[in-house]
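Dear colleague,

I am passing on to you the structure that follows, together with some notes on what turned up in it. Please look through it first, and then read on.

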Amino acid sequence: MNSGALLFFLLLVIAVLICIVLYQRSAFRRDTKESLKSISRKLKEINETDSDEKILIFTDNPELKELAAQINALLEKHLKVKADFCRSEIASKKMLSNISHDLKTPMTVILGYLEIMRLDGCGTDSMLLKAETKAKNMLELMNEFFTLAKLESGDTDIVLSSVDAAEICRESILDFYEILTGQGFQVDIRLPEEPVCVLGNRESIKRILSNLISNAIRYGYEGKYLGISLRLEGGSVFIDVTDRGKGIDSVFAESVFDRLFTMEDSRSRSVQGNGLGLTIAKNLAVQLGGTLTLKSTPYENTTFSLQLRMAIPKMAAERNS
């Protein structure tokens with residue numbers, strides 16, 4: 001081989017090697033870019049769905065492997081913190097439930113002794129009546145705490161079945177009819193005669209409606225109006241409890257469902273408030289697979305809407321007695 005041919009061959013080899021190097025560098029950049037995009041997409045998905053997944057990439061790049069390993073270590077710590085928080089929250093709620101139960105028993109005994117003293121004539125009636133009233137208020141508060149603690153800790157077993165929402169509404173308004181008419185309320189009942197079956201629990205729905213009606217009497221007394229109606233939208237049934245009192249400012253629209261949140265003292269004392277009624281109602285609505293929402297225009301309409309799922313046809317025949 002002459003020197004010219006040898007030189008040409010060497011130049012050709014060098015050119016091929018340069019092409020290979022350039023191709024590898026280009027491929028390396030593409031691999032790095034795609035891997036980083038993949039990591040970013042996966043992190044966004046984990047963040048949005050709050051999943052327990054980890055980052056998994058296929059690459060020969062040692063820096064990218066190290067990056068993925070460090071991200072996974074952080075995700076692991078995040079899961080541990082989240083699990084510890086959940087355990088702590090559950091323990092706190094169970095503790096509240098236990099405390100509520102422990103206080104409930106002696107208060108019941110106190111009430112029993114107070115009633116005996118009053119009946120036997122020991123002490124003045126006014127003093128004993130005041131003590132008994134205060135004890136009853138405390139017992140009621142502890143019962144509310146106990147109910148809320150059980151709901152939040154998942155200790156309440158609510159069995160769902162097909163129940164007649166219209167019938168439950170009529171029963172609930174009847175429970176308060178004497179108070180409402182005695183205070184001069186206009187009672188507006190708009191319920192269908194035929195059954196309207198929902199997937200729910202009779203006692204839980206009655207508890208929700210009782211709390212909503214109590215709230216309307218307590219804070220809607222100025223409007224002297226209470227309405228209860230039932231409407232169907234899509235696959236849901238809505239029960240609306242409405243008053244025309246001072247209403248609730250939009251600033252407090254969500255806060256009314258918070259624990260121990262109360263507006264200014266009510267002038268209506270027939271039904272006492274403790275700031276837990278709406279919280280319990282909201283929790284029960286969620287347990288039933290529904291929602292509880294509020295819309296308020298002061299001195300026009302303040303409406304709490306309980307949304308429940310309509311019972312499927314085969315369950316509709318199994319109405320609760």
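To begin with one residue, is C197 buried or exposed? In this model, which is predicted rather than determined by experiment, C197 is buried, because its relative accessible area is 12% and the cut-off for a buried residue is under 20%. The cysteine C86, by contrast, has a relative accessible area of 36% and is therefore partly exposed, since that class lies between the cut-offs of 20% and 50%. As for bonds between cysteines, the count of disulfides in the model comes to zero.

Turning to the chain as a whole, you will find eight helices and seven strands in its secondary structure. The chain has 321 residues, and buried residues make up 36% of them. Among the contacts with a separation of 6 or more, 72% are between residues that stand 24 or more positions apart in the chain. The accessible surface comes to about 19,500 Å², and carbon and sulfur atoms account for 59% of that surface.

One place on the surface may be worth finding as you turn the model: V109, Y113 and I116 form a nonpolar patch there, and together these residues have about 310 Å² of accessible area. Of these, I116 is found in helix α2, which takes in residues 62–120. With a relative accessibility of 46%, I116 counts as partly exposed, and because residues in a patch must have over 30% relative accessible area, I116 meets that condition for belonging to the patch.

With kind regards

Key: Residues are numbered from 1 along each chain as its sequence is written. This is a predicted model: local features need pLDDT of at least 70, side-chain atom pairs count only at pLDDT 80 or more; totals for chains, interfaces and linings use all residues. Side-chain values use heavy atoms; hydrogens and water are left out. Helices (H or I, at least four residues) and strands (E, at least two) are DSSP runs, numbered from the N terminus. Buried means under 20% relative accessible area, exposed over 50%, partly exposed in between (1.4 Å probe, protein chains only). Contact means heavy atoms within 4.5 Å. Accessible areas come from the Shrake-Rupley method with a 1.4 Å probe; for residues, only the protein chains shown count as cover. A disulfide is a pair of cysteine sulfur atoms within 2.5 Å. Patches are made of residues with over 30% relative accessible area and no salt bridge: like charges are joined within 9 Å, nonpolar side chains (Val, Leu, Ile, Met, Phe, Trp, Tyr) within 5 Å. A salt bridge is a side-chain nitrogen of Lys or Arg within 4 Å of a carboxyl oxygen of Asp or Glu.
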